[in-house]
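Here's a quick tour of one protein model, written for someone fairly new to reading structures. Keep the 3D view open and click along as you go.

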Amino acid sequence: MTASRRMLVFWDIDGTLMSCGSDGTRALNRTFHELHGVEDAFRRAGIGNALDFTILSRIVAECGIEDFDREAFASRYVSNLERILAANKSKRVMPGVAGLLEYVRGRAGWENLLLTSNLRAGAEAKLRSVGLWSYFADVPYGGFGDAPGEKWDAAAAAVSAAAAFSDRPPAPCDCLVIGDGVYDIRCAKRIGARHIAVATGFTPAELLAAEAPEYLFADLADTARVIAAMNGAPA
Ligand SMILES: [Mg+2]
C-alpha cells in the first residue's frame with residue numbers, strides 16, 4: 001500500500017459519530033403534525049432501517065396525504081430539528097470519533113464521507129449541533145437519505161460521485177463503512193466495502209456479531225486498535 005492510496009471512509013451518523021437520542025424522530029413527528037395534522041407519524045411508517053425518503057413516502061401513503069411538498073417538509077423539519085437539538089443537553093460525540101476523524105483528515109488520499117439514512121440537511125443539523133460538521137462541509141459527495149432506494153444505493157451513488165472527482169476511481173476495497181447498525185454491515189457487504197461495526201448505538205453487540213462483520217468494537221475509544229483495523233490489521 002502506498003501512502004497516497006485513496007481510501008473513502010464512510011461514517012454513519014446516529015449511534016456511530018454521535019448520539020442525539022430520538023431527536024430526529026421527534027422532529028419528524030412534530031413536522032408532520034404541524035403541516036398535516038398527523039399524530040405519531042414515525043410509527044405509521046412501520047419501518048426503522050430505511051432512508052428518510054422511504055420513511056417519509058410510507059407515512060405520506062399511510063396517511064393519504066395528497067399535497068405533500070418534500071422541499072417544504074424538509075425545510076420545516078430542519079428548523080424543528082435544530083430547535084430540538086439545541087435543547088438536548090445529553091447529545092454527544094461518541095468516544096474516539098474526533099481522533100479518528102482527525103486521523104483520516106490528515107492522511108494523504110483518505111477522505112471522511114457520510115453514509116447516512118438522514119436527509120442531507122438533517123445530517124448537517126445533527127453534526128453542526130455537536131461540532132463535527134467541519135469534517136464534512138467541504139466534501140461534495142456522500143450517501144444521504146434524500147432519494148429513493150436503500151443505503152447501499154446511496155453508497156454506490158457516492159462512490160460514483162467520488163470517482164468523478166478524481167482520476168483515481170475508488171475500488172470497493174478502497175471503501176470502508178463504519179456504522180452501528182445491521183443495515184450498515186449489510187450495506188458494506190452489498191457494495192463490497194470493508195467495514196467496522198461498533199456497538200455504540202441501539203443495536204446490541206450480539207446482533208451485530210450475528211451479521212459477521214469484518215471488525216466489531218464495543219466503542220471506538222481505543223484509537224490505535226481502530227486505526228489498525230482501518231488499515232486492514234487482522235481482526
Ligand atoms: Mg446508525
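## Helices, domains and a few odd residues

Let's start with a pair of helices: α7 (residues 151-164) and α8 (residues 182-191) pack with their axes 9 Å apart, at an angle of about 50°. Bear in mind that this is a predicted model. The domain assignment splits the protein into domain 1 (7-20 + 91-230) and domain 2 (23-87).

**Where α7 meets α8**

- An angle of about 50° falls in neither the parallel, the antiparallel nor the perpendicular range, so α7 and α8 count as oblique to each other.
- If you want the handedness, the crossing of α7 and α8 is right-handed.
- On the α7 side, look for Lys 151, Trp 152, Ala 155 and Ala 156; they meet Tyr 183, Cys 187, Arg 190 and Ile 191 of α8.
- Sorted by class, that contact between α7 and α8 has 6 nonpolar and 2 charged residues, with no polar ones.

**A closer look at α8**

- Which residues of α8 are buried? They are Tyr 183, Asp 184, Ile 185, Cys 187, Ala 188 and Ile 191.
- The cover over those buried residues of α8 includes α7, the strands β5 (175-179) and β6 (194-198), and α9 (205-209).
- Just after α8 comes Gly 192, which has a positive phi, near 75°.

**Where α4 meets α6**

- Helix α4 (residues 70-87) and helix α6 (residues 120-129) have axes that come within 9 Å and cross at roughly 15°.
- Angles under 35 degrees count as roughly parallel, so α4 and α6 are roughly parallel to each other.
- The crossing of α4 and α6 is right-handed.
- From α4, the residues involved are Ala 74, Tyr 77, Val 78, Leu 81, Glu 82 and Leu 85, and they meet Ala 121, Gly 122, Ala 125, Lys 126 and Ser 129 in α6.
- That contact of α4 with α6 divides into 7 nonpolar, 2 polar and 2 charged residues.

**Where α1 meets α4**

- Helix α4 has another partner to check out: the axes of α1 and α4 come within 8 Å and cross at roughly 130°.
- That angle makes α1 oblique to α4.
- The crossing of α1 and α4 is right-handed.
- On α1, the contact uses Asp 23, Gly 24, Arg 26, Ala 27, Leu 28, Arg 30, Thr 31, Glu 34 and Leu 35, while α4 brings Phe 73, Arg 76, Tyr 77, Asn 80, Leu 81, Ile 84 and Leu 85.
- By class, the contact of α1 with α4 divides into 8 nonpolar, 3 polar and 5 charged residues.

**How the two domains touch**

- Measure from centre to centre, using C-alpha atoms, and domain 1 and domain 2 lie 24 Å apart.
- How many residues of each domain are in contact with the other? There are 21 from domain 1 and 14 from domain 2.
- On the side of domain 1 that touches domain 2, the elements giving two or more residues are α6 and α7.
- The largest share of that side of domain 1, 5 residues, comes from α6.
- The side of domain 1 that touches domain 2 has 8 nonpolar, 7 polar and 6 charged residues.

**Leu 114, a residue on the inside**

- You'll find Leu 114 in strand β4 (residues 110-114).
- Is Leu 114 buried or exposed? It takes 20 or more other C-beta atoms within 10 Å to be buried, and Leu 114 has 23, so Leu 114 is buried.
- Leaving out residues up to four places away in sequence, Leu 114 touches Trp 11, Ile 13, Ala 123, Phe 136, Gly 142, Gly 143 and Phe 144.
- Leu 114 and Val 139 are 25 residues apart in sequence, and their C-alpha atoms are 9.1 Å apart in space.

**Two residues with a positive phi**

- Most residues other than glycine have a negative phi.
- Asp 40 is not a glycine, yet Asp 40 has a positive phi of about 50°.
- Asp 40 sits in the loop between α1 (23-36) and α2 (41-45).
- Asp 40 has 10 other C-beta atoms within 10 Å, so Asp 40 is exposed.
- Ala 212 isn't a glycine either, and its phi is positive at about 55°.
- Look for Ala 212 in the loop between α9 and β7 (215-217).
- Ala 212 counts as exposed because it has 10 C-beta neighbours inside 10 Å.

Technical notes
Residues are numbered from 1 along each chain as its sequence is written. This is a predicted model: local features need pLDDT of at least 70, side-chain atom pairs count only at pLDDT 80 or more; totals for chains, interfaces and linings use all residues. Axes are lines fitted to C-alpha atoms, for helices over the stretch in contact, and angles run from 0 to 180 degrees between N-to-C directions. Helices (H or I, at least four residues) and strands (E, at least two) are DSSP runs, numbered from the N terminus. Angles under 35 degrees count as roughly parallel, over 145 as roughly antiparallel, 65 to 115 as roughly perpendicular and the rest as oblique. A crossing is left-handed if the near helix is turned anticlockwise from the far one by less than a right angle, and right-handed if clockwise. Two residues are in contact if their C-beta atoms, placed from the backbone, lie within 7 Å. Ala, Val, Leu, Ile, Met, Phe, Trp, Tyr, Cys and Pro count as nonpolar, Asp, Glu, Lys and Arg as charged, and the others, Gly among them, as polar. A residue is buried if 20 or more other C-beta atoms lie within 10 Å of its own, exposed if 12 or fewer, and partly exposed in between; C-beta atoms are placed from the backbone. Domain bounds come from an automatic or database domain assignment.
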